[in-house]
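Work through these short exercises with the model in view. Try each task before reading its solution.

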Amino acid sequence: MQTLQISIYALAALIFLALVFDFMNGFHDAANAIATVVSTGVLKPQTAVAMAAFFNFIAIFVVGLKVATTIGKGTIDPHVVDHYVIFGALVGAIVWNLITWYYGIPSSSSHALIGGLVGAAVAKAGTGALISGGLIKTVVFIVVAPLLGFVLGSVIMLLVSWVFVRSTPRKIDGWFRRLQLASAAGYSLGHGGNDAQKTMGIIWMLLIASGHVAAGDAAPPTWVIVACYAAISFGTLFGGWRIVKTMGQKITKLKPVGGFCAETGGAITLLMASFWGVPVSTTHTITGAIVGVGSAQRLSAVRWGVAGNIVWAWIFTIPASAFVAAIGWWIGTHIM
């Protein structure tokens, strides 16, 4: 693989842009971790955000680096990677995140980044630049992640309903207000562990292409790992309040017991995906879990129109961010 000739200033600028995306990922997806615990009244928004940010960072000690490997080495051909491709990918992901944040649409930052990589790589070298194995795994989990979240959320809800069938609503509410703290922490752990690694993979890819890191290294440099976890944690601290409302109340009305079941189902899904090295969407996962919890109570409890609009955003995320990334790649070739 030929070493990319790039100035240290351009390299630093691209790493900074990647960390901006990572910050926005935390900002955009904070709602996924805290919407249920805020909407059920268990925690005040500021407290919930601080807790989520803390567990985002703690994931550095718990979750491995398989997702970073998938992004860094298993999505597009390393031979086509240059500063223009990375610039285009980041522009595509950031622009799509801003659009969906502005309109309060809980889309996937993860798939926006993958779409950005695809669009920029295809713009440069055609479809032959894509690695089918990693992309197929990612696309399959666009369906699997929310489905698994749905199944786990509904099953946990049914089990809890069966176990506590003789308990009074007031007693159940008191117990699950405390338990929801643990489930929200677990979900934030899964969010940080899976999502921070996506930016990590981008920076790793850039460092390999520029010759600053050996292609055979098993993991990115420690400073990259710490910087990415810190960036997503700071992003979470600022929160995405427009999306909190959609996730916490518009899909279905949640009580603490429902919030606990949704977060637990989502956390299990995210941690399993991180273990398998699959870059999944935290948005897809928690939405599936919330719908599963609502459906377990009664089908009419779910606002299927709102859920359907969210699904359309999922479908458009990869092609839309890929289109913007292709434009970003072209602009990058003229300004960098």
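**Exercise 1.** Find the residue that follows H5 and give the sign of its phi.

Solution. Gly126 comes right after H5, and its phi is positive, near 85 degrees. Now step back into the helix. H5 covers residues 109–125, 17 in number. Helices here are DSSP runs of H or I with at least four residues, numbered from the N terminus. From first C-alpha to last, H5 reaches 24 Å, close to the expected 24 Å. That expected span is 1.5 Å times one less than the number of residues. Last, check the cover: 13 of the 17 residues of H5 are buried (under 20% relative accessible area, 1.4 Å probe, protein chains only).

The model is predicted: local features need pLDDT of at least 70, side-chain atom pairs 80 or more, while totals for chains, interfaces and linings use all residues. Numbering starts from 1 along each chain as its sequence is written, and side-chain values use heavy atoms, without hydrogens or water.

**Exercise 2.** Count the helices and strands, then state what share of the protein is buried.

Solution. The protein has 12 helices and 0 strands (a strand would be an E run of at least two). Of its 336 residues, 57% are buried.

**Exercise 3.** Find the aromatic pairs and name a cluster.

Solution. Search the whole structure: 5 aromatic pairs turn up. Rings of Phe, Tyr and Trp (its six-membered ring) pair if their centres lie within 6.5 Å. Such pairs link Phe164, Trp175, Phe176 and Phe260 into a cluster.

Notes:
Rings of Phe, Tyr and Trp (its six-membered ring) pair if their centres lie within 6.5 Å; planes under 30 degrees apart count as stacked, over 60 as edge-to-face and the rest as tilted. Buried means under 20% relative accessible area, exposed over 50%, partly exposed in between (1.4 Å probe, protein chains only).
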